[in-house]
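Me: I'm new to this structure. Could you walk me through how to read it?

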Amino acid sequence: MAQGNSVELIAQGKKLFSDPKLSSNGLSCNTCHTGGASFAQTFAQPYPHFVQMADDKGGLKKIALDEMVQFCIVAPMAAKPLAWDSRELAALTAYTAEIQKTFKYKSGAAANNPCAAKNPCAAKNPCAAKNPCAAKKNPCTAKM
């Protein structure tokens with residue numbers, strides 16, 4: 001993974017977290033995780049650990065944080081993975097690790113996460129304006 005000043009990486013990661021240009025369907029990390037919301041209770045555990053979405057959509061029983069960032073880029077955001085040695089991946093991973101430090105689980109938050117849902121195209125889809133279900137690379141055809 002790319003190296004750099006941690007303060008700078010976190011700042012860049014914070015910007016990238018809200019950038020829909022990383023996706024092919026208008027989503028950003030922030031679409032599902034506004035204000036740290038919609039992380040499952042397991043997010044508080046040190047990585048690697050079990051993440052339900054990674055198991056449901058990829059059969060992965062344990063995943064590292066940088067791998068989870070990549071998984072979100074590929075699955076809900078329907079984009080190509082970032083280069084493993086890219087500054088973008090390092091920045092998103094650093095920022096997500098920073099969020100994790102102060103994460104407090106909110107009961108029911110993960111249940112409202114359209115990216116973790118077995119069917120992200122169900123009602124209450126935050127992507128309705130740019131519907132990923134209508135895209136050529138339809139995330140809704142993934143393993144459900």
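Reply: Sure. Keep in mind that this is a predicted model. Let's begin with helix 1, where Leu9, Gly13, Leu16 and Phe17 are buried.

Me: Where do those buried residues sit around helix 1?

Reply: Look down the axis: they cover an arc of only 95 degrees, so they lie on the same side of helix 1. The face turned away from that buried side carries Val7, Lys14 and Lys15, which are exposed.

Me: What covers the buried residues of helix 1?

Reply: The cover includes helix 2 (29-33) and helix 5.

Me: How do I check the length of helix 1?

Reply: Use 1.5 Å a residue: the 12 residues should span 16 Å, and the end C-alpha atoms are 16 Å apart, which agrees. At the start of helix 1, a side-chain oxygen of asparagine 5 comes to within 2.8 Å of the backbone nitrogen of valine 7.

Me: And how should I think about the nonpolar core?

Reply: In soluble globular proteins, nonpolar side chains tend to be buried together. Here the largest nonpolar core has 21 residues, and Phe17, Leu22, Ile73 and Leu92 touch the most other members. Helix 1 (6-17), helix 4 (65-74) and helix 5 (87-101) each give two or more residues to this core, and helix 5 gives the most, with 6 residues.

Me: Which residues is phenylalanine 17 in contact with?

Reply: Leaving aside neighbours within four places in sequence, phenylalanine 17 contacts Ser28, Cys29, Asn30, His33, Phe39, Leu92, Tyr95, Thr96 and Ile99. Apart from the largest core lies another one, of 8 residues, including Met53, Ala54, Ile63 and Met68.

Methods:
Residues numbered from 1 in each chain as written. Predicted model: local features only at pLDDT ≥ 70, side-chain atom pairs only at ≥ 80, totals over all residues. Heavy atoms only, no water. Core = buried A, V, L, I, M, F, W, Y, C linked by side-chain atoms within 4.5 Å. Buried < 20%, exposed > 50% of the residue type's maximum accessible area, 1.4 Å probe, protein only. Helix = DSSP H or I, 4+ residues; strand = E, 2+ residues; numbered from the N terminus. Contact = heavy atoms within 4.5 Å. Expected span 1.5 Å × (residues − 1). Arc of directions from axis to C-beta. Polar contact = N/O pair within 3.5 Å; in protein donor to acceptor, adjacent residues only side chain to side chain.
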